[in-house]
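Reader: I'm new to this, so please pick one part of the model and take me through it slowly. Then show me how the rest fits around it.

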Amino acid sequence: MNKYLKFGLMIATSTLVMYAMMFFNVFQLDHIFFSETRLYMAFMMGAAMAIIMLLFMWNMYTNKKANMLILLVSLVVFGGSLGLVRSQATIEDSSWLKAMIPHHSIAILTSERAHLSDPRVQELAKKISEAQRDEIKQMKELIKDLESSD
């Protein structure tokens, strides 16, 4: 297999794996929704990884034009993804809700599974967990309502 094709497949596979891994810390599986923001973050990580890996393995990849093209495309993907993450320009109601559910779920996981000893911290964690559960329920209802009206 062409080493540049293999490099591209390695970066693409790693980017998909990184996207999936961003959901490993949700509290429960029904808190996983497609997230544009997390997708953009995965593209950012994949682009950064392509740059770093290519620079570390520069001697293995001898086509200078291809190397420069990979670096340029990676920089453009990184910059574009960073811009989309920071601006949230493509995020609308339903996609925002779907991104927030896993975020809230992480708060439940950390609040309920941390080994807390101070009663004040325990109480705060309990309140956070309860609030996040209520908000997730509300967000799921809003998603259902928004998507049924489309």
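Author: Let's start with the rings: Y4, F7 and Y61 form one aromatic cluster. Before going on, keep in mind that this is a predicted model, where local features need pLDDT of at least 70 and side-chain atom pairs count only at pLDDT 80 or more, while totals for chains, interfaces and linings use all residues. Residues are numbered from 1 along each chain as its sequence is written, and side-chain values use heavy atoms, with hydrogens and water left out.

Back to the rings. Searching the whole structure turns up four aromatic pairs. In one of them, the ring centres of F7 and Y61 are 5.3 Å apart and the planes meet at 65°, so this pair is edge-to-face. (Phe, Tyr and Trp rings, Trp by its six-membered ring, pair if their centres lie within 6.5 Å; planes under 30 degrees apart are stacked, over 60 edge-to-face, and the rest tilted.) The two partners come from distant parts of the chain: F7 belongs to helix α1, Y61 to the loop between α2 and α3 (64–87), and 54 residues separate them. (Helices are DSSP runs of H or I with at least four residues, strands are runs of E with at least two, and both are numbered from the N terminus.)

Both rings are tucked away. F7 has a relative accessible area of 4%, so it is buried, and Y61 counts as buried too because its value is 5%. (Buried means under 20% relative accessible area, exposed over 50%, and partly exposed in between, using a 1.4 Å probe and protein chains only.) Y61 has another visitor: the charged end of K3 sits over its ring, 6.0 Å from the centre. (That takes NZ of Lys or CZ of Arg within 6 Å of the ring centre and within 35 degrees of the ring normal.)

Now look one residue back along the loop. M60 also lies between α2 and α3, but at 47% relative accessibility M60 counts as partly exposed. C-alpha to C-alpha, M60 is 15 Å from M10, with their places 50 residues apart in sequence.

What about the nonpolar cores? (A core is a set of buried Ala, Val, Leu, Ile, Met, Phe, Trp, Tyr and Cys residues joined through side-chain atoms within 4.5 Å.) The largest has 10 residues, including F27, L97, L109 and I136. Helix α4 gives the most to this core, with five residues. Y61 turns up again in a second, separate core of nine residues, which also includes A50, L54 and I70.

Over in the largest core, I136 brings us to α5, where the buried residues include A125, Q132, I136 and I143. Part of their cover comes from α4 (93–113). Helix α5 itself runs over residues 119–148, 30 residues in all, and reaches 44 Å from first C-alpha to last, close to the 44 Å expected at 1.5 Å a residue. (The expected span is 1.5 Å times one less than the number of residues.)

Technical notes. Contact = heavy atoms within 4.5 Å.
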